[in-house]
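I opened this model to look up a few helix contacts and ring pairs. My notes are below, in the order I made them.

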Amino acid sequence: MPRAIAAILDSGVCWFFARLVLTFVFWGAGIGHLVDFQASVAELRALKLEPAPLMNALLIVTLLVGSLMILLDRWLWLGCGILSGFLVVAIVLAHHFWTMAEPERTMHFRVATEHFSLIGGFMPLAVADRWRRAQRDRLRAVGARIARDRRARMGDRRAGTAAGAADDADAGRR
């Protein structure tokens with residue numbers, strides 16, 4: 001891989017942008033459900049999800065909290081799990097193509113496959129986050145070891161100087 005591409009992929013900006021793009025559909029939907037709360041409640045009622053206002057509030061919280069966990073890189077693995085779980089539930093409750101007749105079957109099948117693809121995107125995101133954290137922890141450990149060794153060497157030099165000065169003082173007393 002060319003160094004320029006590797007540098008871009010290793011950058012914090014690229015890491016954030018990847019998370020932003022992957023979660024766009026979720027935080028966008030969460031904001032949309034929040035802004036047009038009543039239309040979202042009507043949509044949930046049409047799916048026979050009652051109490052629809054409470055379900056809509058839970059939907060908004062799920063979408064926004066899951067997205068924020070990923071965007072803020074805090075408990076990213078859990079945010080991936082929350083949003084993946086939401087997608088599975090959405091397939092079962094709203095896009096159950098296996099129970100539908102054409103042409104709805106094909107439309108909902110396509111939506112379900114898109115949902116599975118997003119789940120597939122969350123999986124390597126969680127893996128990449130784990131690798132990034134493990135690499136960061138290894139680098140911190142190496143840095144701490146270097147600092148500790150440096151302090152030990154400085155302490156040895158100081159101790160050697162102090163011991164030498166004590167030996168000189170003892171020799172002067174004789």
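The entries go from one histidine to a helix packing, then to the aromatic rings and a second histidine.

**Entry 1: His33**

I noted at the start that this is a predicted model. I looked up His33 and found it in helix 2, which covers residues 12–35. Is His33 buried or exposed? I read a relative accessible area of 13%; the limit for buried is under 20%, so His33 counts as buried.

I then listed the contacts of His33, leaving out residues up to four places away in sequence. The list holds Ser40, Glu43, Asn56, Leu59, Ile60 and Leu63. For Leu63, I also took the C-alpha separation from His33, which is 9.6 Å across 30 residues of chain.

**Entry 2: helix 3**

I turned to helix 3, residues 37–46, where I found Ser40, Val41 and Leu44 buried. I checked how they are spread around the axis: the arc is only 105°, so they sit on the same side of helix 3. The general rule is that an α-helix has 3.6 residues a turn, so residues three or four places apart point the same way. On the face turned away from the buried side I found Gln38 and Ala46, both exposed.

What do the buried residues of helix 3 pack against? I found helix 2 and helix 4, the latter being residues 52–71. I also recorded that Lys48, just after helix 3, has a positive phi of about 65°.

**Entry 3: helix 2 against helix 3**

I computed the packing of helix 2 and helix 3: the angle is about 100° and the axes are 5 Å apart. Angles of 65 to 115 degrees count as roughly perpendicular, and helix 2 and helix 3 are therefore described that way.

I listed the residues on each side of this contact. Helix 2 contributes Gly32, His33, Leu34 and Val35, and helix 3 contributes Phe37, Ser40 and Glu43. By type, the residues of this contact divide into three nonpolar, three polar and one charged.

**Entry 4: aromatic pairs**

I searched the whole structure for aromatic pairs and got five. One of them is Phe26 with Phe86, with ring centres 6.4 Å apart and planes at 80°. Plane angles over 60 degrees count as edge-to-face, so I entered the Phe26 and Phe86 pair as edge-to-face. Phe26 is in helix 2 and Phe86 in helix 5 (residues 76–94), so I noted a link between distant parts of the chain, 60 residues apart. Phe26 is buried at 3% relative accessibility, while Phe86 is partly exposed at 23%.

I next took Phe97 and Phe109, also an edge-to-face pair, at 5.0 Å centre to centre and 85° between the planes. Phe97 is in the loop between helix 5 and helix 6 (104–173) and Phe109 is in helix 6, so this pair ties together parts twelve residues apart in sequence. Phe109 is partly exposed, at 40% relative accessibility.

Which residues do ring pairs link into a cluster? I found Phe26, Phe86 and Phe122.

**Entry 5: His95**

My last lookup was His95, in the loop between helix 5 and helix 6. The relative accessible area of His95 is 16%, and I logged this residue as buried. Leaving out residues up to four places away in sequence, I found His95 touching Ala90, Met100, His108, Val111, Ala112 and His115.

Key. Residues numbered from 1 in each chain as written. Predicted model: local features only at pLDDT ≥ 70, side-chain atom pairs only at ≥ 80, totals over all residues. Heavy atoms only, no water. Helix = DSSP H or I, 4+ residues; strand = E, 2+ residues; numbered from the N terminus. Buried < 20%, exposed > 50% of the residue type's maximum accessible area, 1.4 Å probe, protein only. Contact = heavy atoms within 4.5 Å. Arc of directions from axis to C-beta. Axes fitted to C-alpha atoms, helices over the stretch in contact; angles between N-to-C directions. Parallel < 35°, antiparallel > 145°, perpendicular 65-115°, else oblique. Nonpolar A, V, L, I, M, F, W, Y, C, P; charged D, E, K, R; others polar. Phe/Tyr/Trp six-rings, centres within 6.5 Å; stacked < 30°, edge-to-face > 60°.
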